[in-house]
Structure formats: structure tokens, C-alpha cells
Amino acid sequence: MFPVLFRIGSFPIGTYGLLLTAGFFAALWLAQTLGRKEGISREHISDLAITVLLAGVVGSKLLMIIVDLANGMNFREVFDLGYLRAGGAVHGGIIGATAAFFWRVRRLKLPLARTLDCLTPAVALGQAIGRLGCFSAGCCYGTACSLPWAVTFTSGDAQNLSGTPLDVPLHPVQLYTFLANLLVIRRRSRFAGQVSGCYFILEGIGRIITEHWRGDLDRGFLLGIPWLSTGRLTSALFILFGVGLLAWFGRRRAAVAA
């Protein structure tokens, strides 16, 4: 585990940021490849990718700020430059990116369901690579684990940056999530829009399950209820949204076939 690859003066170059960048370009490549098969131009895919990226960054930071303010952090801490360099809350990023996607697709007059199915596997790939960044940085760490695949973090940088417990075997939750993201990259469907609906459902279910092994407190809890984390709340909304997409696109397919 190498949270900091090297430093330029006092400025650290982190593995997390590098892998996030790699994840974006890998996702862009996959989206362009799938878009070409659907007759969607590289320019439109690139336009959407940049829109989704920027909205995702803003959304992840915004949800992180909201959660931390709700948990008692003061404004000075929240808007500190070091704090804002954190990756943010991934579900906030997905919410922001999804909203921006729908807006941009409408402006570009692209086929909604087919375009959504091109970008969804790409988003899942980017997420998967990003989770490797989490693992490298030691953030989003798990609870104590006695299983053979437990991981032990030893980097002082990880503890300083993310509060990661050192020299304690933990559940590799980041790798659990990495594997869950890989499951939705496969693109087989019976109708346009099905891939995207299934992604939101699986993302929600996967997060609800993996939250059981999360040991960090950054994700926040609601109403003082130990099992009601912010991630579980957004996951429930994702599942409902995914079911809604399947119902909507399924009805459209049935109407065209009738």
C-alpha cells in the first residue's frame, strides 16, 4: 500500500488520484467502444464523459460536505484545502453524474436508453479502478477480520490522511466493492436501458451488504441509528431508481413491439 507515490516539494502525489485518473480514461475508452457499436460518435461520448466527470466530482464533494456538517464538523474544517482534496462520497458523485447525464443527453438529442447503456458499464469500470485507489490510500477501510484474506495496513501516511488503523487485520472492503463493480461491466440485455437499471439495483444492493464490514465513520450515520448510514440510504434510493428505469424502458419496449 502506497498512499503517497512521491512528493513535489511539500505537495504529495497520491496513488488514489493517479488511479482515479486512470479510471476516467479507461471508462472513456470503454464508453467510446460501446458507443461506436451503437452509432454514437466519439465526440458525443467525450462530451458526455467530461460532463459526467465534472458533475461527479462536484456531487461527491457536496455529499461529503453535507454529511460531515451534519456530523458536527465546523465550516472552517470542511472548506480547508487539505480536506477538499479528499475523494468525496462516491454515491454523491453518481447522483450528480446521473443528473448531468440526463440533462446533457437531452441537449445533444441522443437516444437515451442506448446512450445510458454505453456509459453505465464505463462508469462501473471507472468505479472499480477508483476502489483500487481507495485500497492503496487506506481509506474506506473495513472492520477487524480474522479470515485468510484479511489485509493489514502499515503506512503512517494512510493513518494521517484517512485515520486507517495500522497493524490490525481488516476486511478488504475496497476489494469487495471492486469485485462488485466488475459484475455490472458485462453488457448483456434484452432491451435498451436494462443494463443501466440493473446497475443501479446491483450498486445499491452491493453497498448495503458491504456497509456491514465498513469500519470508517466518514460515511456518516442518520438519526443516531448505527445501521442507517448515508451509504445505505442512498443505496435504497438507487435500488428504487433502478427498478423505475427497468419498468420505464421495459414498457417502452413493449409499446414498440405492440
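Mentor: Before we begin, a cavity is a set of points on a 1 Å grid over the protein atoms alone where a 1.4 Å probe fits but cannot get out. The model under discussion is predicted.

Trainee: What volume does the largest cavity have?

Mentor: Rolling a probe the size of a water molecule over the atoms shows where empty space is left. In this structure, one cavity reaches 30 Å³ or more. The volume of the largest cavity is about 90 Å³.

Trainee: Which helix supplies the largest share of the lining of the largest cavity?

Mentor: The lining consists of Arg131, Thr177, Ala180, Asn181, Val184, Leu202, Glu203, Gly206, Arg207 and Thr210. At least two of these residues come from H8, and at least two from H9. The largest share, five residues, is supplied by H9.

Trainee: How many residues of the lining of the largest cavity are polar?

Mentor: Gly counts as polar in this division, so Gly206 of the lining falls in that class. The lining also holds three nonpolar and three charged residues. The number of polar residues is four.

Trainee: Against which helices do the buried residues of H8 pack?

Mentor: Helix H8 spans residues 173-183, and its buried residues are Val173, Gln174, Tyr176, Thr177, Phe178 and Asn181. Two of them, Thr177 and Asn181, also line the largest cavity. The partners of the buried residues are helix H6 (112-137) and helix H9 (194-210).

Trainee: Is Gln174 buried or exposed?

Mentor: Gln174 belongs to helix H8. Beyond residues up to four places away in sequence, Gln174 touches Arg131, Cys134, Phe135, Gly138, Cys139, Cys140, Tyr141 and Phe153. Because its relative accessible area is 1%, under the limit of 20%, Gln174 is buried.

Trainee: What C-alpha distance separates Tyr141 from Ser162?

Mentor: Tyr141 sits in the loop between H6 and strand S3 (151-152), and with 11% relative accessibility it counts as buried. Outside its neighbours within four places in sequence, Tyr141 has contacts that include Phe153, Ser162, Gly163, Gln174, Trp213 and Asp216. Although Tyr141 and Ser162 are 21 residues apart along the chain, the separation of their C-alpha atoms is 8.9 Å.

Trainee: Which helix gives the most residues to the largest nonpolar core?

Mentor: The largest nonpolar core has 33 residues, and Leu48, Phe101, Leu119 and Phe249 have the most contacts inside it. Helix H1 (15-37), helix H2 (42-70), helix H5 (90-108), H6, H9 and H10 each supply at least two residues of this core. The greatest contribution, nine residues, comes from H6.

Trainee: Which residues are in contact with Phe101, leaving aside its neighbours within four places in sequence?

Mentor: Phe101 is among the residues with the most contacts inside the largest nonpolar core, as are Leu48 and Leu119. Both Leu48 and Leu119 touch Phe101 directly. The full set of contacts is Leu48, Val52, Leu112, Thr115, Leu116 and Leu119.

Trainee: Which helix supplies the largest share of the lining of the second largest pocket?

Mentor: This pocket holds about 190 Å³ of space and is lined by ten residues, with Ala113, Ala192, Phe249, Arg252 and Arg253 nearest its centre. Its lining divides into seven nonpolar, no polar and three charged residues. H6 and helix H10 (230-257) each contribute at least two residues. The largest share, four residues, comes from H10.

Trainee: How far apart in space are Ile65 and Ala89, C-alpha to C-alpha?

Mentor: Ile65 lies in helix H2 and is buried, with a relative accessible area of 12%. Ile65 and Ala89 are 24 residues apart in sequence. Their C-alpha to C-alpha distance is 8.9 Å.

Trainee: What percentage of the residues in the protein chain is buried?

Mentor: The protein chain contains ten helices and four strands. Among its contacts with a separation of 6 or more, 71% join residues 24 or more positions apart. The chain exposes about 13800 Å², of which carbon and sulfur atoms supply 67%. Of the 258 residues, the buried share is 46%.

Methods:
Residues are numbered from 1 along each chain as its sequence is written. This is a predicted model: local features need pLDDT of at least 70, side-chain atom pairs count only at pLDDT 80 or more; totals for chains, interfaces and linings use all residues. Side-chain values use heavy atoms; hydrogens and water are left out. Buried means under 20% relative accessible area, exposed over 50%, partly exposed in between (1.4 Å probe, protein chains only). Contact means heavy atoms within 4.5 Å. On a 1 Å grid over the protein atoms alone, a cavity is a set of points where a 1.4 Å probe fits but cannot get out, and a pocket is an open set with protein on both sides within 12 Å along at least five of seven lines; lining residues have an atom within 4 Å of a point. Grid points are joined across faces, edges and corners, and a volume is the space filled by probe spheres set on the points. Accessible areas come from the Shrake-Rupley method with a 1.4 Å probe; for residues, only the protein chains shown count as cover. A nonpolar core is a set of buried Ala, Val, Leu, Ile, Met, Phe, Trp, Tyr and Cys residues joined through side-chain atoms within 4.5 Å.
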